[in-house]
Amino acid sequence: LDAEYEYADYSTANIKVGNGIRSMGMDSEFDSNMRAVHTFRAGAEWMLDKNLSLRCGYNHITAPFKKDAAKFMLSSVDTNTEYLNRFDTNTFTMGIGYRKGMFYIDAAYMLSMQSCDFYPYYDAEFEDIAPSAKVDEMKNKFVVSAGLRF
């Protein structure tokens with residue numbers, strides 16, 4: 001069994017320009033739009049016999065963006081105005097592993113779920129935020145790895 005907790009405060013990030021001087025204008029964007037992120041991971045592994053094991057896990061990551069975060073447009077020529085404001089992520093995993101002598105093979109399945117608010121544009125000049133659309137993302141992955149240990 002294993003459990004981990006991780007903390008990162010993205011609201012305190014800062015940007016330095018090429019000569020090492022802090023870019024105070026962008027720093028305020030971090031403070032306005034970002035927040036602390038909490039990550040919790042838990043997992044378990046069962047050895048069915050000396051060669052075969054089953055694994056499962058869970059991972060929860062809180063959203064790095066504040067609910068009302070908006071995309072800051074750096075240039076008037078930037079045409080990529082849409083953005084997603086992503087919320088908490090929940091990931092579930094399960095897998096199986098086989099070891100025999102130097103050979104091993106592992107297979108794992110991962111299901112990741114996250115909700116987002118999609119904004120088609122933000123006009124900083126008029127401080128006009130378009131209504132958002134709710135987006136629910138669900139990602140599935142299946143991974144197999146094999147190898148030899150010397």
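Begin by selecting Tyr83, which stands opposite Tyr119 in β5. The model on display is a predicted one, and this pair of tyrosines serves as the starting point of the tour.

**The sheet**

Extend the selection to β4 (83–100) and β5 (103–119). These two strands run antiparallel and are joined by 16 bridges. Next, display the open sheet of 6 strands to which they belong; its order is β1-β2-β3-β4-β5-β8, and the pairing is antiparallel. Colour β1 (2–9) and β8 separately: each stands at an edge with a single partner strand, so one side of each has no neighbour in the sheet. On average, neighbouring strands of this sheet are turned by 15° against each other, direction ignored.

**A nonpolar patch**

Select Met94, Tyr98, Met102, Phe103, Ile105, Tyr109, Phe142, Val144, Leu148 and Phe150, and switch on the surface. These residues make a nonpolar surface patch of about 1,100 Å². At least two of the patch residues come from each of β4, β5 and β8 (133–148). Within the patch, centre the view on Tyr98, which is placed in strand β4. Tyr98 counts as partly exposed because its relative accessibility is 33%, a value between the limits of 20% for buried and 50% for exposed.

**Salt bridges**

The next selections concern charged side chains. Over the whole structure, 8 salt bridges are found.

Select Glu4 and Arg41 first. Their side chains meet in a salt bridge with an N to O distance of 3.2 Å. Glu4 belongs to strand β1 and Arg41 to strand β2 (residues 36–47), so the pair ties together parts that are 37 residues apart in sequence. Both ends are partly exposed: Glu4 has a relative accessible area of 38%, and Arg41 one of 29%.

Move to Asp117, which counts as buried at 5% relative accessibility. Which residues pair with Asp117 in salt bridges? One is Lys67, with the closest N and O atoms 2.9 Å apart. This pair links distant parts of the chain, 50 residues apart: Asp117 lies in strand β5, and Lys67 in the loop between β3 (52–61) and β4. Lys67 counts as exposed, at 52% relative accessibility.

Another partner is Lys134, where the closest N and O atoms are 3.5 Å apart. Since Asp117 lies in strand β5 and Lys134 in strand β8, the pair ties together parts that are 17 residues apart in sequence. Lys134 is exposed, with a relative accessible area of 54%.

Finish by selecting Glu45, Arg55, Arg99 and Asp106, which are joined into one network by salt bridges that share partners.

Note on methods:
Residues numbered from 1 in each chain as written. Predicted model: local features only at pLDDT ≥ 70, side-chain atom pairs only at ≥ 80, totals over all residues. Heavy atoms only, no water. Patch = residues over 30% accessible without salt bridge, like charges linked within 9 Å, V, L, I, M, F, W, Y side chains within 5 Å. Areas by Shrake-Rupley, 256 points an atom, 1.4 Å probe, with all protein chains shown as cover. Salt bridge = Lys/Arg side-chain N within 4 Å of Asp/Glu carboxyl O. Helix = DSSP H or I, 4+ residues; strand = E, 2+ residues; numbered from the N terminus. Buried < 20%, exposed > 50% of the residue type's maximum accessible area, 1.4 Å probe, protein only. Pairing = 2+ DSSP bridges. Axes fitted to C-alpha atoms, helices over the stretch in contact; angles between N-to-C directions.
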